[in-house]
Amino acid sequence: MSAETPNRARHDPHATPDAGHGERVGVYVCHCGHNIANTVAVEEVARWAGEQPNVVVARDYKFMCSSLGQELIEQDIQQLGLNRVVVAACSPHMHEKTFRSACQRAGLNPYLFEMANIREMGSWATDDREAATQKARAQVKGAVDRAVHQQPLEPLYVDINPNTLVVGGGIAGLTAALELANAGYHVYLVERDSSIGGHMAKLDKTFPTLDCAACILTPKMVDVANHPNITLMTWSEVIAVHGYVGNFTVRVRKKARYIKEDLCTGCGTCVEKCPVRIIDQNFEVGLGYRKAVYRNFPQAVPKYPVIDTANCTFFQRGKCRACEIVCPTDAIDFNQKDQIVDLEVGNIILATGYEQFDARRVPQYGYGRLANVFTSMEFERMVNAAGPTAGRVVLRDGVTVPKRIGIIHCVGSRDKNYHEYCSRACCMAALKFAHLVHERVPEAEVFNFYIDIRASGKHYEEFYHRVLSESTHFIRGRVAEVTDAARGPGEEGQLIIQVEDTLIGKQRRIPVDMVILMAGMESRKDARQVAALFGLGCDYDGWFTERHAKLDPVVTMTEGILVAGACQGPKAIPESVAQGSAAAARVAGMIGQRVMKMEPVRASIDAASCSGCRICNTLCPYHAITFHEDRKVSEVITALCQGCGACVAACPSAAISGAHFTRDQVLAQIEGILWDARQPEVLWLEPQ
Amino acid sequence: MAKPTFAMYWAASCGGCEISLLNVGELILDVDAAFDVVFWPCVADFKYQDVEGYPDGSIDLCLFNGAIRNSENEELARLLRRKSKTLVAFGSCAYEGCAPGLANLTTNAATMRTVYTDSLTTDESRTRAPRPVTQVPEGEIHIPVLYETVRPLDQVVPVDYIIPGCPPEARQIAAVLRAVLTGTPLPAPGGTIIGAGHVALCEECPLAKNVKQITRFYRPYEIVPEPGICLLEQGLVCMGPATRSGCGALCPQVGMRCEGCYGPLDGQDQGARMLAAVASVVAAGGSHLDEHVQAQEIAAVMDTLVDPAGTFYRFSLAHSLLRRARVADDPA
């Protein structure tokens with residue numbers, strides 16, 4: 001085989017563009033303690049980097065992010081006249097800012113800095129020292145070759161609108177809204193349901209202190225409704241989000257309630273007189289009834305009811321009007337229409353919460369088939385004094401008091417068939433239920449079927465011991481089946497829980513009257529649509545992705561969009577409240593700055609090169625591209641552009657370029673990374 | 001004073017470029033009057049030895065059409081580079097490989113099999129593939145060696161100017177010739193594009209352009225496009241947005257998608273550009289869907305795009321970032 005590398009033409013447009021304009025690059029390879037140095041031969045990478053074109057100095061150092069490491073860079077910039085800096089270390093998410101600041105302190109434009117991530121993408125990804133070292137070389141080479149093409153950029157500044165949108169009126173959203181409102185900032189609180197309070201409003205007692213949920217929640221709900229800084233929009237949904245941090249325009253659909261809010265006094269006469277009674281699948285989770293004009297519960301905030309048109313006799317058949325007739329203030333308005341409202345806000349906190357896992361998906365537990373199998377939320381409503389049974393613990397027939405109750409943990413959670421994660425709150429809720437059963441039905445026997453008891457929270461373990469001392473039976477093992485098929489006379493007419501008791505190593509069949517399934521939490525069915533609407537990410541399970549699981553849990557990768565509560569992952573009340581407050585604090589901090597510095601990484605269109613093909617027109621997720629019909633060219637509105645690059649990649653005429661991600665920068669980086677992979681040109685394969 | 005000298009050569013190409021040059025009409029007489037033709041195998045009998053005998057740099061203007069496909073093409077490219085003051089890569093083959101360059105998607109062995117063995121109309125018992133060296137009673141006959149990789153002219157020798165097009169439009173050739181004849185200075189040489197525009201073809205195209213949302217692709221025979229409306233919007237992969245202007249958008253105006261013969265815009269990869277653009281306007285797989293459903297929907301639309309390599313790189317493959325397919329992957 002013979003191969004030949006042809007003479008490169010003088011003007012090959014694909015040749016690596018000439019650098020050589022006196023760029024002086026400094027390369028710094030970080031050990032990150034042992035994190036990188038254990039797998040990558042950092043000294044060797046630094047030595048090799050020093051031999052590459054344009055590199056003036058290359059060093060390795062224990063911790064580049066330390067102040068000593070940063071000073072090293074600053075000194076070299078000043079003493080060696082570096083005009084490009086490359087740090088090979090961790091992810092730019094961690095320390096890009098750190099090193100950019102170091103460059104800036106030494107008088108170098110921060111956008112002349114480039115980072116090579118040899119930790120997350122190298123040392124942490126393999127144990128193969130040779131491979132990791134070779135990859136680090138490639139990454140460094142790519143970064144150096146890219147850096148020489150980088151241009152100084154100046155940041156953009158935008159004003160921050162001090163108003164905030166909070167989406168979701170559960171405990172996390174309420175907390176966030178109140179914190180911001182109390183700090184003096186205006187909040188729009190948008191809730192999809194007819195009233196606020198979320199899941200917490202359905203609960204009776206809260207673990208481990210056994211506070212009455214309503215007693216601690218309703219004051220907050222009322223505060224929100226009455227707060228001069230809060231615009232409460234229930235029965236409303238966000239349908240579109242435009243703009244960027246500091247300047248979002250949010251379109252909200254206010255669904256028609258068919259009640260004039262300015263006239264309604266909340267007297268409830270319409271609800272009382274409404275002749276239609278239907279099962280309430282929402283608030284009462286199917287355990288109770290509601291009317292066609294209804295409020296979720298008597299203390300609902302706001303107090304105005306809402307008409308369910310799908311079940312209202314007037315809307316379905318054109319007659320009835322009972323509510324209209326009885327209303328003392330003429331507040332019923334059958335002609336109301338949905339309203340579209342545009343809000344201008346600077347930040348958005350998503351607190352959209354969770355859904356309960358549908359226990360029907362575990363058929364062997366019989367929910368929906370065996371009458372006396374209940375879900376945990378059904379039981380919450382049952383023990384709630386304001387609930388459908390007025391707090392009495394009874395079987396599905398509504399009268400029989402159960403003597404033996406089985407509580408099955410981890411339904412849908414910690415299960416490879418459903419969700420691998422732990423839903424966090426159910427163990428404690430199950431303990432609470434055991435306690436409440438003892439309180440309401442002192443003679444009843446309670447069995448908890450658990451895998452592990454997860455009682456890691458303040459005063460949680462103590463509560464566990466209290467329930468243990470109340471003579472609840474704890475059986476360790478995942479329940480195999482709940483059945484009504486009796487095997488003997490002792491099991492007749494009862495539900496049998498079949499379980500392997502792993503502590504005694506035996507199969508057991510426990511007959512009970514009532515089974516409670518501790519159904520776990522899962523992300524809302526429309527979580528992905530919501531994520532797409534607000535432009536943030538979802539993980540595999542549909543939970544919203546935070547910027548950093550430990551260090552930045554309420555901020556997302558999209559500037560100005562924050563998350564709080566169970567929409568980010570399973571959480572109990574205390575964590576949801578903490579996140580609500582944290583998100584509010586972050587927003588308040590941002591508003592306090594008044595003006596925000598924005599990355600100058602923006603796309604722009606060269607009008608002379610734009611042929612007006614309009615490929616880019618539908619692509620921009622931020623609606624930053626407009627088309628000038630008169631001149632037949634498209635234009636990027638710089639203030640709206642977020643620098644995502646979608647249009648840059650799409651422009652077939654290369655008329656759009658992205659600052660800091662120009663074609664020559666990206667190609668130079670690719671060629672640099674592939675420095676050892678270039679294959680000789682094949683002119684012929686076999687001897688001829 | 002002796003007249004300036006002119007040469008034209010035909011390497012791996014179809015001959016359309018020569019015809020296009022003659023399409024300049026009566027201007028060709030002025031060319032003949034102004035220049036001494038010293039080498040133009042297509043129209044007059046010259047021998048390679050004649051050219052070898054000329055002093056270096058003695059040909060004032062050499063139009064070289066055709067890609068470098070074999071050793072003869074390369075030999076002449078080097079020879080004419082040496083003898084010419086101004087060497088022009090004339091037409092798409094010389095500029096970017098054009099249709100001959102599509103051979104870079106496969107190997108010579110496979111190409112030969114298709115041409116001399118597998119073709120339906122070939123009687124296998126009578127076929128003999130050409131060989132570089134053949135023994136005949138009189139001795140050995142050598143024919144040029146076919147290269148595995150087709151190269152544009154500028155990958156073999158430096159070129160001064162490029163006139164793109166398959167073939168270059170007569171009107172554009174005429175404009176260049178007129179400039180040369182009247183002594184109007186050309187732009188600085190060095191792979192410089194002349195006889196074409198500097199923006200995308202859509203600039204010249206009169207069809208109405210709206211925002212694009214493509215739900216399926218069509219080959220030209222599958223639909224009669226709505227007149228007056230951008231063909232890309234209608235699902236025809238019109239290469240116009242990624243193609244250099246200069247032809248006057250002749251094809252789109254008569255309902256035929258631009259195939260991209262004027263090549264990429266400055267410094268771009270035509271196929272990659274167009275592929276990225278098309279991928280950006282496929283209306284399928286909304287972000288609210290699960291990833292596998294998204295992938296299925298997108299794949300269903302993309303499956304209607306037949307022959308992507310031939311669609312996006314019909315002219316520019318040999319001059320693209322990729323240049324050729326990996327030969328090691330050839331099953332033969």
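Mentor: Before we start, an axis is a line fitted to C-alpha atoms, and the angle between two axes runs from 0 to 180 degrees between their N-to-C directions. Please keep in mind that the structure is a predicted model.

Trainee: At about what angle does helix α12 of chain A run to β21(A)?

Mentor: Helix α12, made of residues 426-440 of chain A, lies across three strands, namely β21 (404-411), β22 (445-450) and β27 of chain A. Because angles run from 0 to 180 degrees between N-to-C directions, a value close to the upper end describes directions that are nearly opposite. For α12(A) against β21(A), the angle is about 170°.

Trainee: Which strands of chain A are the edge strands in the sheet with the order β20-β27-β21-β22-β23?

Mentor: This is an open sheet of 5 strands with parallel pairing, and its neighbouring strands are turned by 20° against each other on average when direction is ignored. An edge strand pairs on one side only, and in chain A this holds for β20 (373-375) and β23 (473-476).

Trainee: Which residue of β27(A) stands opposite T375(A)?

Mentor: Strand β27 of chain A covers residues 514-519 and pairs with β20(A) in the parallel sense over 3 bridges. Within this pairing, the residue of β27(A) opposite T375(A) is L517(A).

Trainee: Why is one side of β24 and of β26 in chain A left without a neighbour in the sheet?

Mentor: The two strands belong to an open sheet of 3 strands in chain A, ordered β24-β25-β26 and paired in the antiparallel sense. β24 (479-483) and β26 (506-512) stand at the edges of this sheet, so the reason for the free side of each is that each has a single partner strand.

Trainee: How many bridges join β24(A) to strand β25 of chain A?

Mentor: β25 of chain A spans residues 495-501 and runs antiparallel to β24(A). One pair of facing residues is V482(A) and I497(A), the latter in β25(A). The number of bridges that join β24(A) to β25(A) is 4.

Trainee: Turning to helix pairs, is the crossing of α6(A) and α15(A) left-handed or right-handed?

Mentor: The axes of α6 (residues 171-182) and α15 (residues 573-593), both of chain A, come within 8 Å and cross at roughly 35°. Among the residues that make the contact are A172(A), A176(A) and L180(A) of α6(A), together with V577(A), A584(A) and V587(A) of α15(A). By class, the contact has 10 nonpolar, 6 polar and 1 charged residues. As for its handedness, the crossing is right-handed.

Trainee: How many charged residues does the contact of α1(A) with α5(A) have?

Mentor: Helix α1 (residues 42-49) and helix α5 (residues 129-147) of chain A have axes that come within 10 Å and cross at roughly 35°, and their crossing is right-handed. The contact is made by E44(A), V45(A), W48(A) and A49(A) of α1(A) and by T133(A), A136(A), R137(A), V140(A) and V144(A) of α5(A). Sorted by class, these are 6 nonpolar residues, 1 polar residue and, for the charged class, 2.

Trainee: What is the omega of the peptide bond from V301(A) to P302(A)?

Mentor: Most peptide bonds are trans. The bond from V301(A) to P302(A), however, is cis, and P302(A) is found in the loop between β15 (293-294) and β16 (306-307) of chain A. Another cis bond leads from F207(A) to P208(A), with omega near -10°, whereas from V301(A) to P302(A) omega is near 0°.

Trainee: What is the phi of L210(A), which is not a glycine?

Mentor: L210(A) lies in the loop between β8 and β9 of chain A, the loop that also holds P208(A). With 15 C-beta neighbours inside 10 Å, L210(A) counts as partly exposed. Its phi is positive, at about 60°.

Trainee: Finally, what radius of gyration does chain B have?

Mentor: Chain B has 12 helices and 10 strands, and buried residues make up 43% of its 332 residues. Its C-alpha atoms fill a box of roughly 75 × 55 × 30 Å along the principal axes. A compact globule with 332 residues would have a radius of gyration near 20 Å, which agrees with the value for chain B, 22 Å.

Methods. Residues are numbered from 1 along each chain as its sequence is written. Chains are lettered from A and ligands numbered from 1 in the order in which they are written. This is a predicted model: local features need pLDDT of at least 70, side-chain atom pairs count only at pLDDT 80 or more; totals for chains, interfaces and linings use all residues. A crossing is left-handed if the near helix is turned anticlockwise from the far one by less than a right angle, and right-handed if clockwise. Two residues are in contact if their C-beta atoms, placed from the backbone, lie within 7 Å. Ala, Val, Leu, Ile, Met, Phe, Trp, Tyr, Cys and Pro count as nonpolar, Asp, Glu, Lys and Arg as charged, and the others, Gly among them, as polar. The radius of gyration is taken over C-alpha atoms; the globule rule is 2.2 Å times the number of residues to the power 0.38. A residue is buried if 20 or more other C-beta atoms lie within 10 Å of its own, exposed if 12 or fewer, and partly exposed in between; C-beta atoms are placed from the backbone. Two strands pair if DSSP finds at least two bridges between them.
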